[in-house]
Structure formats: C-alpha cells, structure tokens
Amino acid sequence: MSKVTKTLVIIVVAIAVAGGAGLFLATRSSTPATSEAAVVPTGGGHFLGPENAPVTLMEFGDYQCPSCGAYFPVVNEVMKRYPTQVRLEFHHYPLVNLHPSAMAAALAAEAAADQNKFWEMHDLIFENQATWSKLQNAEAEFVTYAGRLGLDINKFMQSMRSPDVQQRVLADVTRARDAKLNAVPTFFINGKQIVTPNGVDEFSSIIQSNLPK
Amino acid sequence: MNKRVLAIALLAFLGMIDTFYITIMTRQHVTVQCHVTEGCNDVLTSKYSKLAGIPISLFGLAFYLAAFSCAVAELTGAAKLTRLLFWPALGAFLVSVSLTSIQAFVLEKYCEYCLASALLSTSIFALCSFTRGDQA
C-alpha cells in the first residue's frame, strides 16, 4: 500500500468513526427520558383539548426561538394523533436577550387572547416566524395578523400595551425561572419535565406510556 | 514519530467528533442539553451560531478535517503538510476567541461543546506554532 493510499484510508476511517461517534452521542442525548424540574410550574397558561384528557402536555415556548418553531408542527401532529387524550397547555418563556421580538410576539398572542383568539394568533405567529423574526418592527406585522383574524385592531393594540397582558407574560417567565428551565422549548407531561423528544414518534411513545392502561 | 504531529491528529480527531455532534444536534432541531454549563441550546440557536446561513460547527468540522488530514499525511510520510496549518489554525484560534467572548459578554451563557472546540483549536494552534518555530 502506498503512503498516499494509507493516508486516504486512515482519513476515510477517521471520518466514519468520528461521524459515527457524533451520531451515537446525538442519538443518546436525544433519547426521551423524564426528569424532575426544580419546581413544577402551576397556574396560568392557555389550554387546547378536552379538560378531562388523561395527558396534559405543557410547553414553555418562545415564539422567536427556531427550535420552538421547529417543534410547532410536531406538537400539532401530536394533538392530531391524540385529539381526545391530550390537552396542550402553553406558557410563554421569551428569551429576550437572544430574541428581540419574542416579548412582542408573546404580548400579541396574549392580546389576541383578550378577544378569544389566542390559539389562532399562536398558530399565525409560529407559521410566520421566519418572516417577522427578520423585521425591526415585528409588532406592525402582528397587527396585520390581528387584522387577518378579524380582531378589533384598536382593542388589540391597547391590549398589547396593557399592564394586565404584560403581567400575564411575566408571570409565565417567573414560573419558568422558578422551575429553573434553561432551554426552550421545554415540555412537561402530567407535571413531569421530559427531555425534549426527537420528533412525533418519540412524543407519541411517551404519551402512550402515560395513558391509562 | 513526531509527537507534536500525532497530538495535532488526536486533537483534530476529537474536534471532528465534537463538531459532528453539534452539527447533528442543531440539524435535528432538538434541544441541546448541557451537562456542565447552562445554556447550550441558547448558544447553539443564537444568531451567532451561523455565518451566511451556514452553521459555524460545519466550518469547525472542515478545519478539524483539514488538520487531521495534514497530520496523518505527515505521520505516514506521504507529505509534510502540517506547516501549512499555521494560518488556518490561527484563524480557528481567533474565531474561537471571538465566539467564546460572545458567549461570555453578549449571550452570558456557555455551551460546553463550543468551549471544548475552542480549547481544541487553541491547542492545535499552539502545536502548529511550535512546529513552525522548529522549522524556522
């Protein structure tokens, strides 16, 4: 074997081993498991799904966080798979030092909630994350979403600035901090924090294990 | 066998594993959990984690692969290439200093995998500097 061939063989083997090791570690660290939060958050939140559902899926999310945006269709699919067995509970955790428009997005969702359109606004905000995240003034974009949802625009803008709406978002932030959450999205199932599942199937297997036998 | 070149190969190999891991985790859009520090996910999903839309971990992977290839070529006697690594290693070192500063002063959160990569690239730069000194 020539020196060049030997070099190439070692490089190819090293790439395969390093790639395999990286993949193994990534698979291991995204394996679903449960863990306890410092304090289980209670109170507040917005709910979707039947009140008597055996499984409550609680999410702490940031509308501008790319991972939360990536999990939006995953959570929707989970809700479609378990329409009567899962109740979604959403809480705000805008990481304002990383995502400059995350607070405005949370306020927009809460302002829409004042007109009973929280989930509709929640969906629009996530669906258009790539658009408004790039804008200097994302609030103007949220006003157009409010118009699209048929909300009273004046009332919506007043709500966005109301201390009550801000207090609701800040109360969620306090809940997240009390629970020592250090990442978004963070999910809880029936009050137990879970390591973020890697896709719909892993979510489903955790939900299945929490359904009554 | 040149121990410095062997050390460059080993460090670059570890860097390849680290950057492969970061790249896979960020591509999967899953939350990256820290074990030692706090805020891995925040760092890896921040606007500083990409350059022109390309994850910085991919640039790191390319650097470690180049460093590993040069070191192996020298160890097998195919070609003396590690002297070419000085400038890329200096670049990687400066990028590591910048990214670590961003973690410390802008994000105020640390990602242990990024810190490990910064340590590895700094060590490779130091070893390349010694190699360069030997040849001068």
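These are my notebook entries on a predicted model, taken element by element.

**Entry 1: strand β3**

I started with strand β3 of chain A, residues 55–61. I asked how many of its 7 residues are buried. The count is 6, so I noted the strand as mostly covered, with buried meaning under 20% relative accessible area.

I then looked up the partners of β3(A). Strand β4 of chain A, residues 86–92, runs parallel to β3(A), and 7 bridges join the two. Within this pairing I found T56(A) opposite R87(A). Strand β5 of chain A, residues 186–189, runs antiparallel to β3(A) and is joined to it by 4 bridges. Here I found E59(A) opposite F187(A).

**Entry 2: the crossover**

I asked which helix joins β3(A) and β4(A) in a β-α-β unit. It is helix α2 of chain A, residues 66–81, and I recorded the unit as right-handed.

**Entry 3: D172(A)**

I moved to helix α8 of chain A, residues 163–178, where D172(A) lies. Is D172(A) buried or exposed? I noted D172(A) as buried because its relative accessible area is 2%, and the cut-off for buried is under 20%. Its side chain makes a polar contact with the side chain of R175(A), at 2.8 Å.

**Entry 4: a nonpolar patch**

Last, I looked at the surface. M1(A), V9(A), V13(A) and V17(A) make a nonpolar patch of about 400 Å². I picked out V13(A), which sits in helix α1 of chain A, residues 3–29. The relative accessible area of V13(A) is 47%, so I entered this residue as partly exposed. A patch residue needs over 30%, and V13(A) at 47% meets that.

How values were computed
Residues numbered from 1 in each chain as written. Chains lettered and ligands numbered in written order. Predicted model: local features only at pLDDT ≥ 70, side-chain atom pairs only at ≥ 80, totals over all residues. Heavy atoms only, no water. Patch = residues over 30% accessible without salt bridge, like charges linked within 9 Å, V, L, I, M, F, W, Y side chains within 5 Å. Areas by Shrake-Rupley, 256 points an atom, 1.4 Å probe, with all protein chains shown as cover. Salt bridge = Lys/Arg side-chain N within 4 Å of Asp/Glu carboxyl O. Buried < 20%, exposed > 50% of the residue type's maximum accessible area, 1.4 Å probe, protein only. Pairing = 2+ DSSP bridges. Right-handed = clockwise from strand over helix to strand, strands pointing away. Polar contact = N/O pair within 3.5 Å; in protein donor to acceptor, adjacent residues only side chain to side chain.
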